[in-house]
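Here are my notes on the structure, set out as numbered points for reading beside the sequence and the coordinates.

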Amino acid sequence: MSIVDRTSSGLAAADAAPPAISPWRRFVPWQGRATRVDLALMGAILAVVALGLVLRPLKPFLLASHPVMLAFLTGDLTAIGAAAAFARVGEAPLWLVVLAGAAGMVKLDWLTWWTGRQWGLGIVRMFTTSERALRFAGRATELRPWALRVAVVLAVLPGVPTPVVYAMAGMAGMRLVTFLILDLAGALAMTGLVAGLGYGLGQQAVDVVLLVDRYASVVSLTLIAAAMLVPLLKRLIRRRAGRG
């Protein structure tokens, strides 16, 4: 084979070879080069995660002093129940507790809907590694509209992969207004149930919350220490296992 033939063969093989895949490819949900929308949306998601991490050690303090505000900031069911218990003893109107809790649960869900519309299964792969969930999400466009709407309403139930359901709504082309209405309906139902339980317990629940507040600093420091120590312990265990 001549030099020209070998050169031509080499160029053809280079053209036929697949492009190198970056090792970071599996950590991003988009395909190809990131657009400004991709970066802005990912930045918003990271900001939401950071806000949750900042609020976590503050929850024990806010639970007893500002439970309604905590319910709005986090949409946490524990905060909603505590705020309803305070409403029972006259500290806040019950309607405000339900409204703040429902708003806190849905206020950022539109981001998850948007990720499904923007990235499809790419964002689902970031939410879960379950093959069953991925197969189910892959059939989002095949679901009947009423089934997907029911899924959005019921997504607030414990055990349901809520982000996956919301992303599926975006993937399937559900209108944002429709999604927000269904999302709010589910949040109001769940908030009403939890607030009703907290309101029924009343002073007993308030006493428990005040007890938590008494030891809030210990609880917060414990949470921070656990968040710092758990990764270190995992690394030590892996290193020892590797040496062994």
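1. The lining of the largest pocket is a good place to begin, with the reminder that this is a predicted model. At least two lining residues come from each of helix 2 (36–55), helix 4 (67–74), helix 6 (94–106), helix 7 (109–119), helix 8 (121–127) and helix 11 (162–171), and helix 2 gives the largest share of that lining, with 9 residues.

2. The space in this largest pocket comes to about 1100 Å³, and among the 32 residues that line it, those closest to its centre are Val 48, Thr 74, Met 105, Leu 108 and Asp 109. Sorted by class, the lining of the largest pocket contains 20 nonpolar residues, together with 7 polar and 5 charged ones.

3. As for the chain as a whole, the protein chain has 14 helices and 0 strands, which gives the pattern α-α-α-α-α-α-α-α-α-α-α-α-α-α when it is read along the sequence. The protein chain has 244 residues, of which 32% count as buried. Of the contacts in the protein chain with a separation of 6 or more, 71% are between residues that lie 24 or more positions apart.

4. Helix 5 (residues 77–88) and helix 6 pack with their axes 9 Å apart and at an angle of about 170°. Because angles over 145 degrees count as roughly antiparallel, helix 5 is described as roughly antiparallel to helix 6. On the helix 5 side the contact is made by Leu 77, Ile 80, Ala 83, Ala 84 and Ala 87, and on the helix 6 side by Leu 94, Val 97, Gly 101 and Met 105. By class, the residues of this contact of helix 5 with helix 6 are 8 nonpolar and 1 polar, with no charged residue.

5. Ala 83, one of the helix 5 residues that meet helix 6, can also be placed relative to Ser 65, since the two are 18 residues apart in sequence and their C-alpha atoms are 9.8 Å apart in space. Ser 65 itself is found in helix 3 (residues 59–65), and with a relative accessible area of 44% Ser 65 is partly exposed.

6. Which residues of helix 7 are buried? They are Asp 109, Leu 111, Thr 112, Trp 113, Thr 115, Gly 116 and Trp 119, and Asp 109 is also among the residues closest to the centre of the largest pocket. Just after helix 7 comes Gly 120, which takes a positive phi of about 60°.

7. Thr 115 deserves a separate look within helix 7, where its relative accessible area is 1% and Thr 115 is therefore buried. Setting aside residues up to four places away in sequence, Thr 115 touches Leu 41, Ile 45, Gly 120, Ile 123, Phe 127 and Ala 167. Among these partners, Gly 120 is the residue with the positive phi just after helix 7, and Ala 167 is one of the buried residues of helix 11.

8. Why is helix 11 described as largely enclosed by the rest of the structure? The description holds because 8 of the 10 residues of helix 11 are buried, and these are Val 164, Val 165, Tyr 166, Ala 167, Met 168, Ala 169, Gly 170 and Met 171. Just after helix 11, Gly 173 takes a positive phi of about 85°.

9. The last point concerns Val 153, which has its place in helix 10 (residues 145–154) and, at 26% relative accessibility, counts as partly exposed. Apart from neighbours within four places in sequence, Val 153 is in contact with Leu 182 and Gly 186. In the case of Leu 182, the C-alpha to C-alpha distance from Val 153 is 5.4 Å, although the two residues are 29 residues apart in sequence.

Note on methods: Residues are numbered from 1 along each chain as its sequence is written. This is a predicted model: local features need pLDDT of at least 70, side-chain atom pairs count only at pLDDT 80 or more; totals for chains, interfaces and linings use all residues. Side-chain values use heavy atoms; hydrogens and water are left out. On a 1 Å grid over the protein atoms alone, a cavity is a set of points where a 1.4 Å probe fits but cannot get out, and a pocket is an open set with protein on both sides within 12 Å along at least five of seven lines; lining residues have an atom within 4 Å of a point. Grid points are joined across faces, edges and corners, and a volume is the space filled by probe spheres set on the points. Helices (H or I, at least four residues) and strands (E, at least two) are DSSP runs, numbered from the N terminus. Ala, Val, Leu, Ile, Met, Phe, Trp, Tyr, Cys and Pro count as nonpolar, Asp, Glu, Lys and Arg as charged, and the others, Gly among them, as polar. Axes are lines fitted to C-alpha atoms, for helices over the stretch in contact, and angles run from 0 to 180 degrees between N-to-C directions. Angles under 35 degrees count as roughly parallel, over 145 as roughly antiparallel, 65 to 115 as roughly perpendicular and the rest as oblique. Contact means heavy atoms within 4.5 Å. Buried means under 20% relative accessible area, exposed over 50%, partly exposed in between (1.4 Å probe, protein chains only).
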